[in-house]
Amino acid sequence: MMKKILFYILAIGLLLGGCGGREQPNNPEEAFSSSQVMPEYDVQNQYLILNASSFLEREGVFLGTDLIGHYLNYYDEASGISGVLCADPACTHDSSDCGAYVETGANLSYYEGKLYWIAKEDPSGHNFYLWRGDLSGRNREKVKTIDWEEIILPYQPRWYVVHRGRLYIQGHTQVVTGTEAGFRVALLSTSLDGSEDFTVLYDETFPLGGQSSVRFVKNGVYLSIELIHDDMTADLTVERYDIAGDTWETVYEEKGIQEATRDVWVTEEEEIYIPGSSENRIYVWKVEDGKRKEVLSWESEQASSPWISGDVVVSTSRIDNIRWVEITTLSGQTLYKGKLFPAGVPGMEIDPNQSSLSLIGADEEKLILNLLAMDGTDAVDYTIKLDITDSLKPTILWSSQE
């Protein structure tokens, strides 16, 4: 009963928090021409790290899914209470009828007091839909069809993102031309209602294997594309789409990079950083005047490209079955260096050092991780927070065992 009472308080607080600060825009096109950060309308880039995850943070509350689960969960920092994001006291949370039910990789967004996500209507069907609903899990409605043959199959979406009043889709799909493998990268946009079709903003096919990522900062959409050659060198390009002006600009391009790189990061000031590694050394480069300039580097026994999220650099390794982490700011200040789980994870029966590890997001105060392990023949999924300000004190936000 206490969880249900807290849930309603939580939902009301989130709704009020979404209406505070700035007035809702009467003319979205005029309001969104602003070059300022608008937290109530902008994507939380720090959680655009893992494309299979749905996670967001709002007013001291975390919302999201497991990697292998189908239900939205919440964790309230003030009370320390977590649960399934469903307001029906009679619901058993074990079917698609539950108000918290979503599909894996739903790409959760919070916008103007509503939750948006991507899911099918019929699990056996092909089409996906953009859905919208109250924080209570009620009043769910289909907003837009995402057609299987027109969108899903040809573009293979990796991200569905609600940003400044529109839905954006970033596609990344493998293609084969003759005997050569390559990949296709696309960016599409549409309204948050059924009034318009999808507009293709970018669509290019490349003759090499590679990877792509996207970042949304104010009125800029940064699309990074890395092409991998047979000798493992890479060509990296960062394109910027200006939402207000409907124009593209190449802001960085380099061929023959010898170091391994990870997804590009863009700060709120629209500064571009590239994390990477080579042999036993880790690097962070900043793009200045279209060139890559080294701003950080350090030795690492098991160097692998770090993540950059929330303006912090996160580098992990596992040595002798123990996980280690180094967390620094982009200015080079070390926030933490040592064991990733110095005191284990209370409440987690499986050794976190032996679990599969994924970074969901980070900032100067915390890491959000997913840990996936086998418990006998069953997979167990944990979403946890590590407090950087308190020696990486762990908190289980939710788990597939609950």
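This passage describes the nonpolar cores, one buried strand residue and the cavities of a predicted model. Local features require pLDDT of at least 70 and side-chain atom pairs pLDDT 80 or more, while totals for chains, interfaces and linings use all residues. Residues are numbered from 1 along each chain as its sequence is written, and side-chain values use heavy atoms, with hydrogens and water left out.

The largest nonpolar core (buried Ala, Val, Leu, Ile, Met, Phe, Trp, Tyr and Cys residues joined through side-chain atoms within 4.5 Å; buried means under 20% relative accessible area with a 1.4 Å probe, protein chains only) comprises 26 residues. L340, L367, L369 and I384 have the most contacts inside this core. At least two of its residues come from each of β23, β24, β26, β27 and β28 (strands are DSSP runs of E, at least two residues, numbered from the N terminus). Contacts of L369 (heavy atoms within 4.5 Å) include L340, F341, L357, Y382 and I384, not counting residues up to four places away in sequence.

Another core, of 22 residues, lies apart from the largest one and includes A106, L108, W117 and Y129. Strand β6 (residues 114–119) contains I118, which counts as buried because its relative accessibility is 4%. With residues up to four places away in sequence not counted, I118 touches A106, F128, Y129, L130, I146 and Y160.

The whole structure holds 6 cavities of 30 Å³ or more (sets of points on a 1 Å grid over the protein atoms alone where a 1.4 Å probe fits but cannot get out; points are joined across faces, edges and corners, and volume is the space filled by probe spheres set on them). The largest has a volume of about 70 Å³. Both β13 and β14 give two or more residues to its lining (lining residues have an atom within 4 Å of a point).

Note on methods: Buried < 20%, exposed > 50% of the residue type's maximum accessible area, 1.4 Å probe, protein only. Helix = DSSP H or I, 4+ residues; strand = E, 2+ residues; numbered from the N terminus. 1 Å grid on protein atoms, 1.4 Å probe; cavity = no way out; pocket = protein on both sides within 12 Å on 5 of 7 lines; lining within 4 Å.
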